[in-house]
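Biologist: I have a structure open and do not know how to read it. Could we go through it feature by feature?

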Amino acid sequence: MNEVSGTTDFRALGEDVLKRVPGVVEVWYRPESEGSVELRLELADDSWEAREQAIDELVRIRLERIGEVSIGYSFARPHVAEDAVLEQSTRSAERVHSFV
Amino acid sequence: MEVHEHLDRHRYHLEIGLTLAGTEAGHAWGCVAAFYSAYHAVKFALRRDERFDDLSALKAINAHLQPDDRYAEWHRARKGSNRFGISELVALMYPAAAGPYDKLHQASIEVRYQQGRLHLLPPADRLESYLTQVYDIVVGTAVKDSVHADTSE
């Protein structure tokens, strides 16, 4: 497991919260500003059904943390999350967690 | 944009979305139209929702809510801003609609910014179901005791 970020935003979410997202194998994290974070998630199953389940949990997490941290998210294709981060390198994307 | 115009745009995108959904060439953009149909239904609901006229009612929902949040334009709180975006307002004001709304949003993102692969998009029947859920919940909550199509203020 990798833990790179130690920012306020990361502590506001935390590993236990991210692990709740069904099927998540990698989470990439981009702090945007104080109290705002953008997640990029890779799921084990590359299907709409898997995304649908993940979204249900992400919506719950957003509501739990609302007013504390603004959470945005998107999905990465399996095994290409690193590429996605390279594309975003100028936007300070960082690896947060690998759950495999 | 006037309040009723959001409902007009909801209907326009709805018609386009449901026409394209399920077609070989158009399903992906049907997903985008479906999301924007939901977006305008939410915008309509926020503008009509009387809870925004009552500061104590808003604060009972969330201490950070403000009357002007009914005019939110951004999908999510902007960088450096403490104001809510539409997705967050849906979660706060119409929590039962947040799941289907986010699913429509993610499908739209997949089409607009990713590869738009069909296996990563909801099938047509589910797309329509999400949209129906969002509309019924947000407009039904905001416009109580009225026919949903009633745009009178």
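Biologist: In what pattern do the helices and strands of chain A follow along the sequence?

Modeller: This is a predicted model, so keep that in mind throughout. To read a fold, walk along the chain and note each element in turn. Chain A runs α-α-β-β-α-β-α-β, which comes to four helices and four strands.

Biologist: What share of the residues in chain A is buried?

Modeller: Burial is judged by relative accessible area, and under 20% counts as buried. Of the 100 residues in chain A, 56% are buried. Sequence separation is another thing to read. Among contacts in chain A between residues at least 6 apart in sequence, 68% link residues at least 24 apart.

Biologist: Now the place where the chains meet. How many residues does each of chain A and chain B bring to the contact?

Modeller: Start with a count for each side, then look at the area. Chain B brings 29 residues and chain A brings 26. The area buried between the two chains is about 2,300 Å², and carbon and sulfur atoms give 51% of that. On the chain B side, B:Arg76, B:Lys103 and B:Gln106 lose the most area to chain A, together 27% of what that side buries.

Biologist: How many salt bridges and polar contacts does the rule find across this interface?

Modeller: Look for charged side chains first, then for polar pairs in general. The rule finds seven salt bridges between chain B and chain A. One of the salt bridges joins the side chains of B:Arg117 and A:Asp46, at 3.5 Å from N to O. For polar contacts, the rule finds 14 residue pairs across the interface, both residues being at pLDDT 80 or more.

Biologist: Which helix of chain B gives the most residues to the side that touches chain A?

Modeller: Helix H5 of chain B does, with eight residues. Helix H4 (86–93), helix H5 (95–113) and helix H6 (124–142) of chain B each supply at least two residues of that side. Sorted by class, the chain B side has 12 nonpolar, nine polar and eight charged residues.

Biologist: How many aromatic pairs does the structure hold?

Modeller: There are six over all chains. For each pair, read the distance between the ring centres and the angle between the planes. A:Trp48 and B:Tyr130 form a tilted pair, 6.4 Å centre to centre with 50 degrees between the planes.

Biologist: Why does the pair of A:Trp48 and B:Tyr130 join two chains?

Modeller: Because A:Trp48 lies in helix H3 (residues 48–65) of chain A, while B:Tyr130 lies in helix H6 of chain B. A:Trp48 is buried, with a relative accessible area of 1%. B:Tyr130 is also buried, at 3%.

Biologist: What kind of aromatic pair do B:Phe35 and B:Tyr36 form?

Modeller: An edge-to-face pair, 4.8 Å centre to centre and 70 degrees between the planes. B:Phe35 is buried, with a relative accessible area of 0%. B:Phe35 and B:Tyr36 also belong to one aromatic cluster together with B:Tyr39 and B:Tyr101.

Biologist: Last, a single residue. Is B:His13 buried or exposed?

Modeller: For one residue, find its element, its accessibility and its neighbours. B:His13 sits in helix H1 (residues 3–20) of chain B. B:His13 has a relative accessible area of 15%, so it counts as buried, the limit being under 20%. Leaving out residues up to four places away in sequence, B:His13 touches B:Ala33, B:Tyr36, B:Ser37 and B:His40. Among these, B:Tyr36 is a member of the aromatic cluster described above.

Key: Residues are numbered from 1 along each chain as its sequence is written. Chains are lettered from A and ligands numbered from 1 in the order in which they are written. Side-chain values use heavy atoms; hydrogens and water are left out. Contact means heavy atoms within 4.5 Å. Buried area is the accessible area (1.4 Å probe) that two parts lose on being put together, summed over both. A salt bridge is a side-chain nitrogen of Lys or Arg within 4 Å of a carboxyl oxygen of Asp or Glu. A polar contact is a pair of N or O atoms within 3.5 Å; within protein, one must be able to donate a hydrogen and the other to accept it, and residues adjacent in sequence count only if both atoms are side-chain atoms. Ala, Val, Leu, Ile, Met, Phe, Trp, Tyr, Cys and Pro count as nonpolar, Asp, Glu, Lys and Arg as charged, and the others, Gly among them, as polar. Rings of Phe, Tyr and Trp (its six-membered ring) pair if their centres lie within 6.5 Å; planes under 30 degrees apart count as stacked, over 60 as edge-to-face and the rest as tilted. Buried means under 20% relative accessible area, exposed over 50%, partly exposed in between (1.4 Å probe, protein chains only).
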